Amino acid sequence: MTRFEFIVDGPPVSQQARKRGKGNRLEDWKKTVRQEAEKYWSSEQKTATGLVMLQITYFYDSVQIDIDNIVKPIQDAIIGLAYVDDEQVSDLLVRKRNLSGNFRIEDMTSTLAEGFARGNEFLHIVVIDAPNQEVGT
């Protein structure tokens with residue numbers, strides 16, 4: 001797989017929204033993520049069949065949510081597009097950064113720059129081949 005990245009205007013919807021009787025909101029969010037991913041999907045891109053790493057960065061403005069609750073809906077939304085099944089995701093990097101805070105970005109891609117140019121909260125999502133499967137201690 002080559003690198004696949006896309007952005008979604010935030011804030012994200014938590015997986016916990018399902019338990020709070022807000023199932024439609026969660027399903028709507030998944031549809032939004034899927035639609036945004038499809039906009040960035042190239043016809044030359046191939047769906048990954050091996051292990052992948054999913055990187056999610058939530059650039060928030062004022063309201064932040066627990067990052068562990070934003071992973072599953074995003075992971076599910078791109079099944080059949082970026083990868084065949086979410087069981088292929090062997091590595092996750094999930095982080096949040098305050099847009100008003102201090103952080104440094106190296107090697108900014110045009111997609112990430114587009115997210116900042118929109119001027120609101122957003123998620124930057126990247127799918128790449130999984131790194132070496134060794135586990136360090």
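**Helix surfaces, salt bridges and a pocket**

Reader: Is lysine 72 buried, exposed or partly exposed?
Author: In this predicted model, lysine 72 has a relative accessibility of 34%. A residue is buried under 20% and exposed over 50%, with a third class in between. At its value of 34%, lysine 72 therefore counts as partly exposed.

Reader: Which side chain meets that of aspartate 76 in a salt bridge of 3.0 Å, N to O?
Author: Aspartate 76 has a relative accessible area of 23%, so this residue is partly exposed. Its partner also lies in helix H2 (residues 71-77), four residues away, about one turn of the helix. The side chain that meets aspartate 76 at 3.0 Å, N to O, belongs to lysine 72.

Reader: Which residues are joined with Lys72 and Asp76 into one network?
Author: Aspartate 76 and lysine 72 stand four residues apart in helix H2. Salt bridges that share partners extend this pair into one network. Besides Lys72 and Asp76, the network holds Glu27, Lys30 and Asp86.

Reader: How many salt bridges does the structure hold?
Author: Side chains of opposite charge can pair when their charged atoms come close. One example is the pair of glutamate 5 and arginine 3, which meet at 3.4 Å, N to O. Glutamate 5 is buried at 13% relative accessibility, whereas arginine 3 is partly exposed at 42%. In the structure, the number of salt bridges is ten.

Reader: How many residues apart are arginine 118 and aspartate 9?
Author: The side chains of arginine 118 and aspartate 9 meet in a salt bridge of 3.2 Å, N to O. This pair links distant parts of the chain, with arginine 118 in helix H3 and aspartate 9 in strand S1 (residues 4-9). Arginine 118 is partly exposed at 33% relative accessibility, and aspartate 9 is partly exposed at 34%. In residues along the chain, their separation is 109.

Reader: Over what arc around the axis do the buried residues of helix H3 lie?
Author: Helix H3 spans residues 110-118, and its buried residues are Thr111, Leu112 and Gly115. Their arc is narrow enough to put them on the same side of H3, for it covers only 100°.

Reader: Which residues are exposed on the other side of H3?
Author: One side of H3 carries the buried residues Thr111, Leu112 and Gly115. A residue counts as exposed over 50% relative accessible area. On the other side of H3, the exposed residues are Ser110 and Ala117.

Reader: What phi does glycine 119 take?
Author: Glycine 119 comes just after H3. Its phi is positive, at about 75°.

Reader: Which residues does asparagine 120 touch, not counting those up to four places away in sequence?
Author: Asparagine 120 sits in the loop between H3 and S4, and is partly exposed at 32% relative accessibility. Its C-alpha atom is separated by 7.2 Å from that of aspartate 61, although the two are 59 residues apart along the chain. Beyond its neighbours up to four places away, asparagine 120 touches Asp9, Leu99 and Gly115.

Reader: Where is aspartate 107?
Author: Phi of aspartate 107 is near 55°, a positive value in a residue other than glycine. Aspartate 107 is exposed, with a relative accessible area of 73%. Its place is in the loop between S3 and H3.

Reader: What is the omega of the peptide bond from glycine 10 to proline 11?
Author: Proline 11 lies in the loop between S1 and helix H1 (23-40). The peptide bond that leads to proline 11 from glycine 10 is cis, with omega near 10°.

Reader: Which residues is valine 94 in contact with, leaving aside its neighbours within four places in sequence?
Author: Valine 94 belongs to strand S3. From alanine 77, valine 94 is 17 residues away in sequence and 16 Å away in space, C-alpha to C-alpha. Contact requires heavy atoms within 4.5 Å. Apart from its sequence neighbours, valine 94 is in contact with Ile56, Ile67, Ile70 and Val71.

Reader: Which strand supplies the largest share of the lining of the largest pocket?
Author: The largest pocket holds about 320 Å³ of space and is lined by 16 residues, with Thr57, Arg95, Ile105, Glu106 and Leu112 nearest its centre. By class, the lining has six nonpolar, four polar and six charged residues. Strands S2 (52-60), S3 (89-98) and S4 (122-129) each supply at least two of the lining residues. The largest share, four residues, comes from S2.

Terms used. Residues numbered from 1 in each chain as written. Predicted model: local features only at pLDDT ≥ 70, side-chain atom pairs only at ≥ 80, totals over all residues. Heavy atoms only, no water. 1 Å grid on protein atoms, 1.4 Å probe; cavity = no way out; pocket = protein on both sides within 12 Å on 5 of 7 lines; lining within 4 Å. Points joined across faces, edges and corners; volume = space filled by probe spheres on them. Nonpolar A, V, L, I, M, F, W, Y, C, P; charged D, E, K, R; others polar. Buried < 20%, exposed > 50% of the residue type's maximum accessible area, 1.4 Å probe, protein only. Arc of directions from axis to C-beta. Salt bridge = Lys/Arg side-chain N within 4 Å of Asp/Glu carboxyl O.
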